[in-house]
Amino acid sequence: MLELKDLNVYYGGIHAIKDVNLSVEQGEIVTLIGSNGSGKTTTLRTISGLEKARSGSIVFKGKDIGKFPASEIVKLGISHVPEGRRIFGTMSVLENLEVGAFTRRDRENIEKDTKKIYSLFPILYDRRYQNAVNLSGGEQQMLAIGRALLSRPELLLLDEPSMGLAPIIVKEIFSIIKDVNNEGTTILLVEQNANMALQCADRAYIIKNGRIELEGQALDLLDNESVKNAYLGG
Ligand SMILES: Nc1ncnc2c1ncn2[C@@H]1O[C@H](COP(=O)(O)OP(=O)(O)OP(=O)(O)O)[C@@H](O)[C@H]1O
Ligand SMILES: [Mg+2]
């Protein structure tokens, strides 16, 4: 579904992404794991068209989208839940969800899909008329995911959905990620929480200083000595 080939991304003189090769097959959950500043967010932003690669290619469903504007990439079926959630605090939960349907014209289906989001996240239904700023961190993450799903993505990009959440809420978010995947959405998940991400994903890539260090089946990496030492607390 998605293939990054020899991707290089710079911020001025900073070489943030170095010859990255990464693929995601339809139906998979793939995780990209790395510590602070390793290039996870940059990778997702480049896929979404928010940063431009200096070289290499990004192919989505057979199309090279590397030069496409972000608005076009959403329409092709890639939706991005950004780091830090970026919900609109002074808008209601419902209004935030409506933003996610912005590029769609099929009004009837939007209503149906909104109901589906509410069944996935009952708390969002209970709070639909409240300002998003009043939601807890976990609820805001659910809203950010719900909003992204309303663009009907085939591929969902998640940037550190567990960030800043209590362990029990993190569990809930990962279980929702599984549900979303089971309903047919392919997922590329960026995480610092290697333990949870590896338990959730089918395959994984480990990125360090902008370079892919290791890749494999998620369960194999959970068992890998160097991964254990570097990312799973020994
Ligand atoms: N807008 C920017 N301008 C200049 N350098 C940047 C910019 N954004 C990121 N970088 C640099 O690019 C590298 C990769 O950053 P990136 O945000 O992609 O890492 P990350 O893995 O998402 O980190 P974190 O876990 O902290 O979110 C870092 O060295 C970072 O300082
Ligand atoms: Mg980041």
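Author: Helices (H or I, at least four residues) and strands (E, at least two) are DSSP runs, numbered from the N terminus, and in this structure the helix α1 gives the most to the shell around ligand 1, with three residues. This is a predicted model, in which local features need pLDDT of at least 70 and side-chain atom pairs count only at pLDDT 80 or more, while totals for chains, interfaces and linings use all residues. Residues are numbered from 1 along each chain as its sequence is written, chains are lettered from A and ligands numbered from 1 in the order in which they are written, and side-chain values use heavy atoms, with hydrogens and water left out.

Reader: How many helices and strands does the chain have?

Author: The secondary structure comes to 10 helices and 10 strands. The radius of gyration, taken over C-alpha atoms and set against a globule rule of 2.2 Å times the number of residues to the power 0.38, is 17 Å for this chain, close to the 17 Å given by the rule for 234 residues, so the chain is as compact as a globular protein of that length. Along the principal axes, the C-alpha atoms fill a box of roughly 45 × 40 × 30 Å.

Reader: Which residues come nearest to ligand 1?

Author: A residue is near a molecule if one of its heavy atoms lies within 4 Å of it, and of the 14 residues around ligand 1, those that come nearest are G37, K40, T41, T42 and E83.

Reader: Where should I look for polar contacts with ligand 1, at pairs of N or O atoms within 3.5 Å?

Author: One case is the side chain of K40, where an N or O atom is 2.7 Å from an oxygen atom of ligand 1. A backbone N or O atom of G39 lies 3.0 Å from an oxygen atom of ligand 1, and a polar side-chain atom of Q192 also lies 3.0 Å from an oxygen atom of this ligand. Taken alone, ligand 1 exposes 630 Å², of which the protein buries 62%, the areas coming from the Shrake-Rupley method with a 1.4 Å probe. Two elements, β2 (14-24) and α1 (40-47), give two or more residues to the shell around ligand 1.

Reader: What are the protein donors of the magnesium ion, ligand 2?

Author: Donors are N, O and S atoms within 2.8 Å of the metal (3.2 Å for Na, K and Ca), and water is not among the atoms, so sites may look incomplete. Here the protein donors are T41 (OG1) and E83 (OE), lying 1.9 to 2.0 Å from the magnesium ion. This pair links distant parts of the chain, 42 residues apart, with T41 in helix α1 and E83 in the loop between β6 (78-81) and α3 (93-100).

Reader: Are T41 and E83 buried or exposed?

Author: Buried means under 20% relative accessible area, exposed over 50%, and partly exposed in between (1.4 Å probe, protein chains only). T41 is partly exposed because its relative accessible area is 22%, and E83 is partly exposed at 32%. Buried residues make up 49% of the 234 residues in the chain.

Reader: What is the phi of R86?

Author: Most residues other than glycine have a negative phi. R86, however, has a positive phi near 50°; this residue lies in the loop between β6 and α3 and is exposed, because its relative accessible area is 59%. K61, which is not a glycine either, has a positive phi of about 45°, and its relative accessibility of 46% counts as partly exposed.

Key
A polar contact is a pair of N or O atoms within 3.5 Å; within protein, one must be able to donate a hydrogen and the other to accept it, and residues adjacent in sequence count only if both atoms are side-chain atoms.
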